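Student: I've got a model open and want to talk through how its parts fit together. Can we go step by step?

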Amino acid sequence: MAAFDYDLFVIGAGSGGVRAARIAAGYGARVAIAEEHRIGGTCVIRGCVPKKLLVYASRFRDEFEDAAGYGWNVGETAFDWPTLIAAKDREVARLEAAYRRNLEAAGVEIIAARGELRGPHTVHLAGPGRDVTARTILIATGGQPNLDRQLPGIEHVITSNEAFHLERLPESIVIAGGGYIAVEFAGIFNGLGARTTLIYRGEEILRGFDDDLRTGLHAAMTARGIEVICGDVFSRIEKTDTGLVGHTRQGRALAAEQIMFAIGRSPRVEGLGLDRVGVAQGWNGAIVVDGTGRTSVDSIYAVGDVTDRVNLTPVAIREGHAFADIVFGGKSAAMSYDAIATAVFSTPEIGTVGLSEAEARERCRALDIYVARFRPMKQTMTGRDEPAMMKLVVDAQSDVVVGCHLLGPDAGELIQIVGILVKLGATKAQFDATVAVHPTMAEELVTLRTPARRWRAEDPATERARTAT
């Protein structure tokens, strides 16, 4: 008789957990996965996928307006929110069913229950009320939206979870936050016709991104009619007969039909029983792991947003795959976190990979910065004037392109390809030696010849002397 019920038990059927379960099962492991909600996790059910569908919907207004410049008479248009949400729900259901089929085809047992740790090898299934054992346990419960529970009136706001299920499009909305979720939803609601305000506590939106991307998107959002308020936060939320009023510390009263909080996400660890079995956690509850995903308990691993490393769906998938390769496939290749390309599906779109200019100044002694700002060709006959931006950050000593930052149409598609080059350590000379594809936006990446600016660090001896005085 087997010592354990399973070789691997996965808690959480999001992107990371599903990939780990399938790959481990492919190596011959007996695998079960427990999920208390829907198969697919945040990305498929209430994150990346439905959000991108709403982004597509929000951009049709531009297409209808621009069509006239190309001789098309579109006529009167109208948008219906319930139709969009119903179509989104059907696609999400289709994807969830596909995830379920793939797990079943791999031989993974799916258990509709919440998993809670009862020991290094024991998981309690809430609902069924039974315990199961596994040689290895993987936690992949992801993250959840943050809310300031101490804020008066916080019970009246929504998060991205509820935004996907509103019964109707609000006439007005205020979004608290300045990260990728906040700016993406600001573009969605604005594009669909809602009066949209974004309020953020920092000096500029998108903290951690390259400064040219931050200021460029801010300007573009403002030009599209989104009110962007920086350096302020809510002090209380008031419910009125006509909607909500968000009162701020600086004395603003922001009235809107809905107020949405997108102030970051935190690891979903409540009720997992981590303390009971001694799994170490970080300051925000994140599960602490080593390079293989192993926690402080040898038999327990974790991947994805619950570890709060790089909180992106493709990273969770790669972490889950690497975990299964190492633990069940006998391989040694751990996940690499260098030069991870990512996109922000704001309007206009952002694509970025590698170091920002500010980060590069901390790691390099000399930089050449190449920047192109231009009006996309498609806009030349429409009257629209929303500039695109492409930026290369080059280590002037090695000529290696250490960062690439794009703002404009299809930036997410472009950065996936550029990400390969930055990951491989391509040089500016190699970019220059590549023949351009004309006429395209992407050709700007291989036709940049003159740096917009050069930066050189001081000589170390000079720096020490200046610091000493």
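Student: How many salt bridges does the rule find across the interface of domain 1 and domain 3?

Tutor: Keep in mind that this is a predicted model. The domain assignment puts domain 1 at 6-145 + 266-329 and domain 3 at 341-453. One pair to look at is D66 and R384, whose side chains meet at 3.0 Å, N to O. Across the whole interface of those two domains, the count of salt bridges is 5.

Student: Which residues in domain 1 lose the most area to domain 3?

Tutor: Start with the total: domain 1 and domain 3 bury about 1,000 Å² between them, with 43% of it on carbon and sulfur atoms. On the domain 1 side, three residues together make up 48% of what that side buries. They are R59, D66 and Y70.

Student: How many charged residues are on the side of domain 1 that touches domain 3?

Tutor: The rule finds 8 residue pairs in polar contact across this interface. By class, the domain 1 side has 3 nonpolar residues and 1 polar one, and its charged residues number 7.

Student: What is the volume of the largest cavity?

Tutor: Searching the whole structure turns up 2 cavities of 30 Å³ or more. The second largest holds about 40 Å³, and its lining includes R59 and T347. The largest has a lining of 6 nonpolar, 3 polar and 2 charged residues, F323 and M335 among them. Its volume is about 60 Å³.

How values were computed:
Residues numbered from 1 in each chain as written. Predicted model: local features only at pLDDT ≥ 70, side-chain atom pairs only at ≥ 80, totals over all residues. Heavy atoms only, no water. Domains from an automatic or database assignment. Buried area = accessible area lost by both parts, 1.4 Å probe. Salt bridge = Lys/Arg side-chain N within 4 Å of Asp/Glu carboxyl O. Polar contact = N/O pair within 3.5 Å; in protein donor to acceptor, adjacent residues only side chain to side chain. Nonpolar A, V, L, I, M, F, W, Y, C, P; charged D, E, K, R; others polar. 1 Å grid on protein atoms, 1.4 Å probe; cavity = no way out; pocket = protein on both sides within 12 Å on 5 of 7 lines; lining within 4 Å. Points joined across faces, edges and corners; volume = space filled by probe spheres on them.
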